[in-house]
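Got your viewer open? Take a seat, and let's go on a walk through this protein, one selection after another.

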Amino acid sequence: MRKIIKSIAVALSLGMTVLFGTLVPAMAYTPTETYAATVKKESTCSITPSITVKKGETKNVNISFNSNGTGNVYTVAWGHNPTYVNTNATKGFGSYWGEPGKCSVTGKKDGTTYITAYIKIFKSKKDTTLIKQMTLKCKVNVTGNNTQNTLKKIPIQSVTMSKTSGTLNVGQSETLSVNIKPSNTTESKAVKWASNNSSIATVSNGKVTAKKAGTARISATVGNRSVYYTLKVNPAVKKNTSTKTTKINTTSGTGYVDASQCYTLLNNFRTKKNVWQWNADDKSKTYFNTKSSNTLKKLSRNAKLEATAKVRAKEIATKFSHTRPNGSRCFTAFPSCSAMGENIAAGHTSASMVTTGWIEENRNYAGQGHRRNMLDKNYNAVGIACYKSNGKMYWVQCFGRM
């Protein structure tokens, strides 16, 4: 969780305003108040807690890794006691979208032992800074005898797809799943996904992404059984790129005000060459959009996040806080996202004025919470809204990874 910083307005009688601890000239409009908030993300890792195998029987011990949008990757090295089991241990390396590491375990002698996984988590594939290390253990009970001839074979009876048809717009994605019955089948349940026209739609581990208008057939194959999903892809929805904004009456009135210009101003700032933010030491900076790397993409205008921004803009006119009027956190108003962030402001009378305030060019690390939200590479979408109440403007940016 990024630290929430509250604006302070004092010394108004001297014609000056203290905002985030910096003395700046007072302005004719209502003093600006801003907050910034985001959700802290952390990768997680777990192992199969325990298995029971008979002598001669083989089972897998699996590592499950979820980067939670951090971009973290991991490596795993395995250890075992050769008295009780044999293993075909492999070193796994993966990320959020990668295959989990696994260790094949074969029972050798009656008794109890452990399979140990030594995990190292790194910042990313390009940045191999070590984030943390952990040791995970799976308890293994070895009992009795077993041969392949005496194992009861349970064949697959049916394979079905979660959906058989659907529609997406260009750029949208959805995730399909396969249901295999019976669930305790001894046959392989590995699913092979394919698209008959990858120029229209692609598929990876069940995630289907629409590329261009047309029709594509997605197949999922388990053993010698295949099931299909027919996807119709519509052209991309045209975005409103107008920079025209409604003139604002700052003396009276209540209701929503056009904030569409904010999208252009936000993305112009986000994609600016060599745009930067302070690091926590207030001595070094992180640069984006350089010649070599660290490029930020434009945030797409998202209807769900914009609806959330409208709800929150009206709420902060009643209670200016990241806590909603009902006492819950602001993120309870958001749609389903893997990462979320919110910027709020009050008192600005134009899109350019509020965007400049959020950019926080002349502040240190502690004062750049809004700037870091605007430059966060974990976000790919945004919704922005403005609500006018009794002549005062309340602005909200809602960020998300959709």
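Here comes a tour with five stops, and keep in mind that the model is predicted.

**Stop 1: the largest nonpolar core**

Select Cys262, Leu266, Met374, Val382, Ile384, Trp395 and Phe399. These are the residues with the most contacts inside the largest nonpolar core, which has 25 residues. Now colour the elements that give two or more residues to this core: helix 1 (261–270), helix 3 (351–359), strand 27 (381–389) and strand 28 (392–400).

Zoom in on Ile384. Which residues is Ile384 in contact with, leaving aside its neighbours within four places in sequence? Show Ala259, Cys262, Tyr263, Leu266, Glu306, Ala309, Val396 and Gln397, and you have the list.

Before you leave, add Phe65, Trp78, Cys138 and Val140. They are among the 21 residues of another core, which lies apart from the one around Ile384.

**Stop 2: a network of charges**

The structure holds 8 salt bridges, and some of them can be visited together. Start with Arg312 and show its side chain along with that of Glu315. The two form a salt bridge, with the closest N and O atoms 2.8 Å apart. Both residues lie in helix 2 (residues 303–316), 3 residues apart, which is about one turn of the helix.

Is Arg312 buried or exposed? Arg312 counts as buried because its relative accessibility is 0%. Glu315 counts as buried too, at 13% relative accessibility, since the cut-off for buried is under 20%.

Next, add Glu342. This residue also forms a salt bridge with Arg312, and here the closest N and O atoms are 2.7 Å apart. Glu342 lies in strand 26 (residues 340–346) while Arg312 is in helix 2, so this pair ties together parts that are 30 residues apart in sequence. Like Arg312, Glu342 is buried.

One more click: Arg324. Its side chain meets that of Glu315 in a salt bridge of 2.7 Å, N to O, and both of these residues are buried. Show Arg312, Glu315, Arg324 and Glu342 together, and you're looking at one network, joined by salt bridges that share partners.

**Stop 3: a three-strand sheet**

Switch to cartoon view and pick out strands 15, 19 and 18. In that order, these 3 strands form an open sheet with antiparallel pairing. Which strands stand at the edges? Look at strand 15 (173–175) and strand 18 (201–204): each has a single partner strand, so one side of each is left without a neighbour in the sheet. From one strand to the next, the twist averages 20°.

Stay with strand 15 for a moment. It is joined to strand 19 (residues 207–210) by 3 bridges. Select Thr175, and you'll find Lys207 of strand 19 standing opposite.

**Stop 4: a hairpin**

Move on to strand 23 (residues 275–278) and strand 24 (residues 285–288). They run antiparallel and are joined by 4 bridges, with Trp278 standing opposite Lys285 in strand 24. The two strands form a hairpin with 6 residues between them. In the turn, click on Asp282, which has a positive phi of about 60°.

**Stop 5: out at Asn145**

Finally, find Asn145 in strand 12 (residues 130–145). With 62% relative accessibility, Asn145 counts as exposed, because the cut-off for exposed is over 50%. Leaving aside neighbours within four places in sequence, Asn145 is in contact with Lys54 and Lys55. Draw a line from Asn145 to Lys54: they are 91 residues apart in sequence, yet 5.4 Å apart in space, C-alpha to C-alpha.

Methods. Residues numbered from 1 in each chain as written. Predicted model: local features only at pLDDT ≥ 70, side-chain atom pairs only at ≥ 80, totals over all residues. Heavy atoms only, no water. Core = buried A, V, L, I, M, F, W, Y, C linked by side-chain atoms within 4.5 Å. Buried < 20%, exposed > 50% of the residue type's maximum accessible area, 1.4 Å probe, protein only. Contact = heavy atoms within 4.5 Å. Salt bridge = Lys/Arg side-chain N within 4 Å of Asp/Glu carboxyl O. Pairing = 2+ DSSP bridges. Axes fitted to C-alpha atoms, helices over the stretch in contact; angles between N-to-C directions.
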